[in-house]
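Here are my notes after going through the model you sent over. I've kept them as numbered points, so pick whichever ones you want to talk about.

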Amino acid sequence: MRLAVTGASGRMGGEVLAAAADRDASVVLAVSSDADTVDPTSAEADTEIVADADLPAALAAHEVDVLVDFTAPAALADYAAACADAGVALVTGTTGLTDEHRAALADAADSVPVLHAPNFSKGVAVLHRLVGDAAAALADYDVELVEAHHDGKTDAPSGTALSLLDAVDDARGESPRVHGREGEAPRREGEIGVHAVRAGDVTGMHEVWLAGGREELRLTHRAESRRVFAEGALDAAAWLAGRDAGEYSFAEVLEVGA
Ligand SMILES: NC(=O)C1=CN([C@@H]2O[C@H](COP(=O)(O)OP(=O)(O)OC[C@H]3O[C@@H](n4cnc5c(N)ncnc54)[C@H](OP(=O)(O)O)[C@@H]3O)[C@@H](O)[C@H]2O)C=CC1
Ligand SMILES: O=C(O)C1=N[C@H](C(=O)O)C[C@H](O)C1
């Protein structure tokens, strides 16, 4: 399998390059919006560092099978179009997507396999199931969600938080969401409070609270290293290579791999 990695100078792009080198996965292209900012030692000697403006031509010339992307929504939309044109599968963990960005992924999925996941850790995949079960079984308990990330994260709430809230809605029906509270702000029945902490170098923490009158259940996931996301994305890339065009989920990867 021949890989391309976008966002090569970013936190996750760098982690994917390092994880790929450790498992001898072949990264033929390290792609950057500014190729001069990529540390050449972050990629293997035979990985070519290219500017994203040259991505469409480079994907075809290097016979890339899968592009692994952790960047930003607008960039992702362009990268998805390049993948569709070049017949390259796309694995992306980029969050903060609007309906427009999701439509760009859906368009690409008409031509190539596309897998988007807001979180590539196995623990969070299990957390989704646990949260859905708990929200259904404790249907009258108050739900609140707290997530914490490093001070460089730009989107809030996190993509993972939004998908956990969707798991609660799937179990209970749609609930109003309140993003933080201030001043006279009593809890309204059925609402879900969502709280985003940004501080230091927190890799990623998600905690779902379910509180009844006399007890409280907290389901917590803590990522201790970005490597867990990079490994999950590389597993997804290996699984996605050679599949039919369409949209796939990380849950599908784990069910086969488990
Ligand atoms: N699904 C998951 O498991 C995970 C998802 N994420 C998500 O991955 C994304 C990247 O996170 P992270 O690596 O921490 O972010 P960084 O800011 O560290 O890196 C993002 C990189 O994307 C590239 N990029 C290309 N175009 C743009 C643009 N228009 N604006 C900003 N950056 C651009 C840049 O690299 P260059 O100049 O080299 O192109 C930049 O360094 C986020 O959406 C984050 O939420 C993060 C961790 C896990
Ligand atoms: O930006 C990050 O760092 C992370 N983003 C993802 C998200 O938005 O859910 C996943 C993980 O929590 C790390």
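1. K153 sits in the loop that runs between β7 and α6. This is a predicted model, so read everything here in that light. K153 comes out as partly exposed because 17 C-beta neighbours fall inside 10 Å, and a residue needs 20 or more to be called buried. K153 is also one of the residues around ligand 2, and the unreviewed UniProt entry puts it under "active site" together with H149.

2. H149, the other residue under that UniProt label, belongs to strand β7. Buried or exposed? H149 counts as buried, because it has 25 C-beta neighbours inside 10 Å. Skipping residues up to four places away in sequence, H149 touches S158, R198, V202 and G204. Two names in that list, S158 and G204, turn up again around ligand 2, as does H149.

3. Then there is the "binding site" label: the unreviewed UniProt entry lists H150, G159 and T160 for it. H150 is in the loop between β7 (142–149) and α6 (159–172). With 14 C-beta neighbours inside 10 Å, H150 is classed as partly exposed. Once neighbours within four places in sequence are set aside, H150 contacts G200, D201 and V202. V202 is also on the contact list of H149.

4. T160 is part of helix α6. It counts as buried because 25 C-beta neighbours lie inside 10 Å. Beyond four places in sequence, the contacts of T160 are P118, N119, V124, E147 and H206. P118 and N119 are worth a look on screen, since the residues around ligand 2 include both of them as well as T160.

5. Now the ligand 2 site as a whole. Which residues are around ligand 2? They are T95, P118, N119, H149, K153, S158, G159, T160 and G204. By class, this shell has 7 polar residues, 1 nonpolar and 1 charged. Both domains take part, with at least three residues coming from each of domain 1 (2–120 + 226–257) and domain 2 (122–222). If you overlay the UniProt labels, the "active site" pair H149 and K153 and the "binding site" entries G159 and T160 all appear in this shell.

6. Ligand 1 has 29 residues around it, and G7, G10, S32, A75 and G93 come nearest. Its shell splits into 15 polar, 11 nonpolar and 3 charged residues. Helices α1 (11–22) and α3 (73–86) each bring at least two residues to this shell, and α1 gives the most, with 3. Here too, domain 1 and domain 2 each contribute at least three residues.

7. On the domain layout: the chain is divided into domain 1 (2–120 + 226–257) and domain 2 (122–222). Their centres, taken over C-alpha atoms, are 28 Å apart. The contact involves 9 residues from domain 1 and 11 residues from domain 2. On the domain 1 side, helix α8 (residues 250–257) gives the most, with 3 residues. That side of domain 1 is made up of 4 nonpolar, 4 polar and 1 charged residue.

8. A80 is a handy spot to check the packing of helix α3, where it lies. A80 is buried, as 27 other C-beta atoms are within 10 Å. Leaving out neighbours within four places in sequence, it contacts L90, A104, L105 and A108. Don't look for G14 beside it, though: the C-alpha atoms of A80 and G14 are separated by 20 Å, with their positions 66 residues apart along the chain.

9. Last, the overall picture. The chain has 8 helices and 12 strands. Its C-alpha trace spans about 60 × 40 × 35 Å along the principal axes. The radius of gyration is 19 Å, which agrees with a compact globule of 258 residues, because that would have a value near 18 Å. Of those 258 residues, 42% count as buried. Among contacts with a separation of 6 or more, 68% are between residues 24 or more positions apart.

Key: Residues are numbered from 1 along each chain as its sequence is written. Chains are lettered from A and ligands numbered from 1 in the order in which they are written. This is a predicted model: local features need pLDDT of at least 70, side-chain atom pairs count only at pLDDT 80 or more; totals for chains, interfaces and linings use all residues. A residue is near a molecule or strand if its C-beta atom, placed from the backbone, lies within 6 Å of it. Ala, Val, Leu, Ile, Met, Phe, Trp, Tyr, Cys and Pro count as nonpolar, Asp, Glu, Lys and Arg as charged, and the others, Gly among them, as polar. Domain bounds come from an automatic or database domain assignment. Helices (H or I, at least four residues) and strands (E, at least two) are DSSP runs, numbered from the N terminus. Two residues are in contact if their C-beta atoms, placed from the backbone, lie within 7 Å. UniProt positions are given in the numbering used here, feature names are shortened, and annotations may be inferred rather than shown by experiment. A residue is buried if 20 or more other C-beta atoms lie within 10 Å of its own, exposed if 12 or fewer, and partly exposed in between; C-beta atoms are placed from the backbone. The radius of gyration is taken over C-alpha atoms; the globule rule is 2.2 Å times the number of residues to the power 0.38.
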